[in-house]
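Reader: Before I use a model like this one, I would like to learn how its features are read. Could you take me through them in turn?

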Amino acid sequence: MHTLTLFYDARCGLCSRVRQWLSSQPSYVRLHFVPYDSPEAEKRLPGIRHLRADQEIVVMADSGEVWQGAGAWVICLWALREYRAWSARLAGPTMQSAARKVVHWISQNRIGLSRLMRFTSDAEVTATAEREMQEPVCQIRPPALPRHDLDLID
């Protein structure tokens, strides 16, 4: 396995913040992020709309394996250099049930948590940038001609 594709909600501030955090971490495998409702997502994982990707993260390996929910988070931690040991703990029988409940609760409350923490989504950042990047109005004025003493003579 060389690459994991994470299908996330680009309109969710918490999801976007987690994407930023994951992107900033040293990893053993390449992490590629795709909004779950984009044409690229459907191309990479046909039928993704049937996986409830709008409710829980979906992760796909370049080998074709797919994880969702708590399993997806465990594989994300497995990919990170500093968190691989955590992935093993969370995947074990002792922690698996608790991890599943926590991930499910966060997934159900992610929009409210985003508002509470004032996280900006990737979609909001893109929309703001597009508004601010409107074509600049360029006004070229001819340079003022220098006045000469002769200009004062009629």
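Author: What follows goes from the overall fold to the core, the pocket and a few single residues. Please keep in mind throughout that this is a predicted model.

Reader: How many helices and strands are there in the chain, and in what pattern do they come along the sequence?

Author: The chain holds 7 helices and 4 strands, and, read along the sequence, they follow the pattern β-α-β-α-β-β-α-α-α-α-α. Among contacts with a separation of 6 or more, 63% are made by residues 24 or more positions apart.

Reader: What part of the chain is buried, and what is its accessible surface?

Author: Of the 154 residues, 35% are buried. The accessible surface is about 10800 Å², and 56% of that area belongs to carbon and sulfur atoms.

Reader: How should I think about a nonpolar core, and which residues have the most contacts inside the largest one?

Author: The general idea is that in soluble globular proteins nonpolar side chains tend to be buried together. Here the largest nonpolar core has 25 residues, and those with the most contacts inside it are L4, L6, L22, L31, F33 and V59. Two or more residues come from each of strand 1 (3-8), helix 1 (13-24), strand 2 (30-35), strand 3 (58-61) and helix 3 (70-79), and helix 3 gives the largest share, 6 residues. To follow one member through the core, take L22, which, leaving aside its neighbours within four places in sequence, is in contact with L6, L31, F33, W73, C76 and L80. Apart from the largest core lies another one of 9 residues, among them F7, A41, A53 and V58.

Reader: What is the volume of the largest pocket, and which residues are closest to its centre?

Author: A pocket can be read by its volume, its lining and the character of the residues there. The volume of the largest pocket is about 650 Å³. It is lined by 28 residues, of which L14, V18, W73, V103 and I106 are the closest to the centre. Strand 1, helix 1, helix 3 and helix 5 (96-108) each give two or more residues to the lining, with the largest share, 7 residues, coming from helix 1. By character, the lining residues divide into 20 nonpolar, 2 polar and 6 charged. W73 thus belongs to two parts of the picture, as a contact of L22 and as one of the residues closest to the pocket centre.

Reader: Which residues other than glycine have a positive phi, and where are they placed?

Author: For a backbone angle of this kind, it helps to record the value, the place in the chain and the exposure together. R52 has a phi near 60° and sits in the loop between helix 2 (39-44) and strand 3; its relative accessible area of 42% makes R52 partly exposed. R118, also not a glycine, has a positive phi of about 55° and is found in the loop between helix 6 (110-117) and helix 7 (122-132). With a relative accessible area of 73%, R118 is exposed.

Reader: Finally, how far apart are I111 and C15 in sequence and in space?

Author: The two distances are best read side by side: I111 and C15 are 96 residues apart in sequence, while their C-alpha atoms are 9.0 Å apart in space. I111 lies in helix 6.

Reader: Is I111 buried, partly exposed or exposed?

Author: I111 is partly exposed, because its relative accessible area is 35%, and the partly exposed class runs between the 20% limit for buried and the 50% limit for exposed.

Technical notes:
Residues numbered from 1 in each chain as written. Predicted model: local features only at pLDDT ≥ 70, side-chain atom pairs only at ≥ 80, totals over all residues. Heavy atoms only, no water. Core = buried A, V, L, I, M, F, W, Y, C linked by side-chain atoms within 4.5 Å. Buried < 20%, exposed > 50% of the residue type's maximum accessible area, 1.4 Å probe, protein only. Contact = heavy atoms within 4.5 Å. Areas by Shrake-Rupley, 256 points an atom, 1.4 Å probe, with all protein chains shown as cover. 1 Å grid on protein atoms, 1.4 Å probe; cavity = no way out; pocket = protein on both sides within 12 Å on 5 of 7 lines; lining within 4 Å. Points joined across faces, edges and corners; volume = space filled by probe spheres on them. Nonpolar A, V, L, I, M, F, W, Y, C, P; charged D, E, K, R; others polar.
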